[in-house]
Amino acid sequence: MESNNQQQQQHQELVESKPDPLSISQLNISSSSPLPQVNMAEELLKSHRHSLSPNDGLPSKETWGESLDVVDVDFTDPNYDTIEGNGHSDPTSFDADLCEYKKKATIIVEEYFSTNDVVSVANELKELGMAEYRYYFVKKLVSMAMDRHDKEKEMAAFLLSTLYADVIDPPEVYRGFNKLVTSADDLSVDIPDAVDVLAVFVARAIVDDILPPAFLKKQMNLLPDDSKGVEVLRKAEKSYLAAPLHAEVVEKRWGGADNWTAEDVKGRINELLKEYVMSGDKKEAFRCIKGLKVPFFHHEIVKRALIMAMERRKAQEKLLELLKEATEVGLINSTQVTKGFSRIIDLIEDLSLDIPEARSVLQCFISKAASEGWLCASSLKTLSTDSGEKLLENSKANVFKDKVKSIVREYFLSGDALEVVHCLETELGACSSSQLRAIFVKYLITLAMDRKKREKEMACVLLSSLDFPAKDVRKAFSMLIESADDTALDNPVVVEDLAMFLARAVVDEVLAPRDLDELLSQPGSSVGEKVIQTAKTLLKARLSGERILRCWGGGGVETNSPGCTASEVKEKIQVLLEEYVSGGDLGEACRCVKELGMPFFHHEVVKKSVVRIIEEQEKKERVWKLLKVCFESGLVTIYQMTKGFKRVGESVEDLCLDVPDAAEKFKSCVERAKVEGFLDESFAVEEETQGVKEKSSSSSAAT
């Protein structure tokens with residue numbers, strides 16, 4: 001067995017030592033011996049003909065099903081180099097660096113399989129640097145695990161999921177799997193079941209959201225049809241990812257992870273703090289803290305100890321004494337103490353909902369710790385003494401929080417958005433507090449992020465239907481971004497999740513693009529900034545609107561179809577209106593609206609109908625009849641009706657370019673809609689529309 005492993009190791013090193021085809025342009029070809037060099041170049045091109053795509057190894061992160069296009073590589077960019085695309089201009093330097101990296105990466109993997117210490121691997125990779133070579137670490141980790149027991153395979157999959165994004169950048173993970181699939185033929189020489197094992201690794205990476213599903217098809221197009229790599233990809237797709245309950249099957253293929261998750265560590269921290277409060281035994285508490293073996297996570301101990309001290313007044317002295325001594329003996333370092341206090345400051349508004357005096361109590365803790373010398377108060381954020389004018393009375397907000405959770409969970413079961421609207425009207429009453437609306441949106445998205453695509457799509461549909469003011473939705477996202485660091489401890493893909501929700505809110509016109517800049521200008525965490533930047537990147541992509549609209553399947557809540565893009569739906573609406581106005585059947589028009597399967601997009605029907613009324617006065621009665629029937633039958637709700645009229649109001653300035661008196665006509669439409677009962681009496685034409693009207697009138701007079 002040992003000799004086989006040595007042979008395999010030598011074989012792998014030989015494969016790895018082959019130059020990348022992209023580096024051929026940098027080979028020094030001697031004029032004295034042209035034939036061997038030409039033959040070498042031809043052989044390299046032949047053996048790697050499938051990896052000459054400019055997209056090789058450069059994926060854009062995919063989220064929850066729909067693929068985003070691979071980012072194109074600009075080969076004219078001076079920052080791009082042909083040797084592995086890693087910015088090396090000197091082949092000798094590149095070979096030496098990669099050779100050194102290979103040796104150290106192999107040692108790191110061997111030690112990890114022996115110690116199962118994830119933190120150590122993360123630290124060693126960071127110290128090693130050379131982030132551009134981490135694709136090799138991915139390849140080495142998986143290839144070594146493939147020839148070992150299920151325990152090592154599970155450990156390898158767990159490690160990749162843990163290091164993803166934080167230590168190993170997504171493009172490097174993508175590139176590592178690209179290299180693995182490409183070398184499947186070589187791996188099969190020494191590992192009889194290489195195709196099956198590698199297929200499970202690929203499927204597991206997709207289930208763990210560290211590889212995009214589009215990886216399968218993109219790599220199939222690059223590989224020869226008769227290669228083992230294609231077999232791997234087909235097996236991953238058809239045997240594992242297409243199977244019922246595939247996620248659970250793939251995750252348990254190697255017995256599940258024995259490693260502690262963040263949730264496990266939090267549970268153990270809670271237990272040790274509770275036991276300490278009951279027994280008062282510091283030595284045992286210290287032993288338990290050491291036994292966790294997560295020094296980078298000690299800020300969670302500080303945070304939970306402080307929260308427990310706020311909740312249990314009698315235990316305050318014990319818990320603060322524990323933190324003080326743990327800091328003095330070096331068990332918890334000063335950086336972790338500061339981070340723990342900082343996290344409490346970031347959460348103080350939410351804590352105040354459950355613990356009314358949390359702000360003043362925390363201020364006392366900070367003063368006490370600073371005076372005793374185990375906290376540097378100057379490194380903390382300022383903790384204001386008041387909660388600000390926007391904070392509600394704690395008791396009222398606390399009751400509302402509990403009801404929000406119940407409302408959202410019921411909505412995820414029933415899919416009844418109208419019931420949610422009714423419940424909110426009942427709960428908010430006449431106050432219509434901006435803070436309460438923000439709390440609702442925050443909990444809606446927070447609960448959806450912990451669930452599947454269906455609930456994520458439902459959350460977006462509901463948010464679009466509620467018609468909350470943009471400032472309230474912006475406030476909710478601000479709260480979510482502020483707490484992104486804490487959320488990341490439970491949800492490793494919080495950046496991708498929250499960024500997609502943020503981008504979807506812009507596409508659904510719940511938020512304006514400028515709201516992202518306003519959120520970015522507010523002080524926040526590094527994770528929060530990454531969320532906003534990721535959302536902006538998603539929105540800049542080609543055809544971003546359609547892609548984001550379908551990120552969780554599209555089609556709304558009431559259909560299981562994959563849904564249509566925004567442009568497709570708008571085109572269908574335009575066609576059905578044209579057919580109806582030209583003499584079509586009213587019942588057929590209503591049926592077509594219903595069959596769109598996107599009730600949250602019915603405001604577009606209203607918008608296009610009102611625009612047609614403004615543009616074609618002679619056919620307005622027929623269109624008014626359609627709006628009336630759709631409204632009275634419940635096909636178009638008053639919320640969608642109101643939203644449609646608002647959309648027209650926002651575009652009146654553009655309409656005035658073709659219809660000079662569009663502002664006046666729109667105002668007449670609003671008044672008639674109120675008479676017909678389509679709009680609430682409180683609906684008012686926006687000031688901007690009035691301004692357009694005045695501007696148009698003055699322009700006409702001048703003419």
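How many disulfides does a search of the whole structure find? The count comes out at 0. Keep in mind that this is a predicted model. Below is a quick tour of its cysteines, a charged patch on the surface and two loop residues with a positive phi.

**Cysteines**
- Cys 630 is in no disulfide, and its nearest cysteine sulfur belongs to Cys 590, 4.1 Å away. That pair doesn't count because a disulfide needs the two sulfur atoms within 2.5 Å.
- With a relative accessibility of just 2%, Cys 630 is buried.
- Cys 364, on the other hand, is exposed, at a relative accessible area of 52%.

**A negative patch on the surface**
- Four residues build this negative patch: Glu 615, Glu 653, Asp 654 and Asp 658.
- Helix 35, covering residues 652–658, gives the largest share, with 3 residues.
- Glu 615 sits in helix 32, which runs over residues 603–615.
- Glu 615 has a relative accessible area of 43%, so it counts as partly exposed.

**Loop residues with a positive phi**
- Asp 209 isn't a glycine, yet it has a positive phi of about 65°. You'll find Asp 209 in the loop between helix 9 (194–207) and helix 10 (214–222). Its relative accessible area is 24%, which means that Asp 209 is partly exposed.
- Glu 509 isn't a glycine either, and its phi is positive at about 65°. Look for Glu 509 in the loop that links helix 26 (494–507) and helix 27 (513–521). Glu 509 is partly exposed too, with 43% relative accessibility.

Technical notes:
Residues are numbered from 1 along each chain as its sequence is written. This is a predicted model: local features need pLDDT of at least 70, side-chain atom pairs count only at pLDDT 80 or more; totals for chains, interfaces and linings use all residues. Side-chain values use heavy atoms; hydrogens and water are left out. Patches are made of residues with over 30% relative accessible area and no salt bridge: like charges are joined within 9 Å, nonpolar side chains (Val, Leu, Ile, Met, Phe, Trp, Tyr) within 5 Å. Accessible areas come from the Shrake-Rupley method with a 1.4 Å probe; for residues, only the protein chains shown count as cover. A salt bridge is a side-chain nitrogen of Lys or Arg within 4 Å of a carboxyl oxygen of Asp or Glu. Lys and Arg count as positive and Asp and Glu as negative; His and the chain ends are not counted. The place of a charge is taken as NZ of Lys, CZ of Arg, CG of Asp or CD of Glu. Helices (H or I, at least four residues) and strands (E, at least two) are DSSP runs, numbered from the N terminus. Buried means under 20% relative accessible area, exposed over 50%, partly exposed in between (1.4 Å probe, protein chains only).
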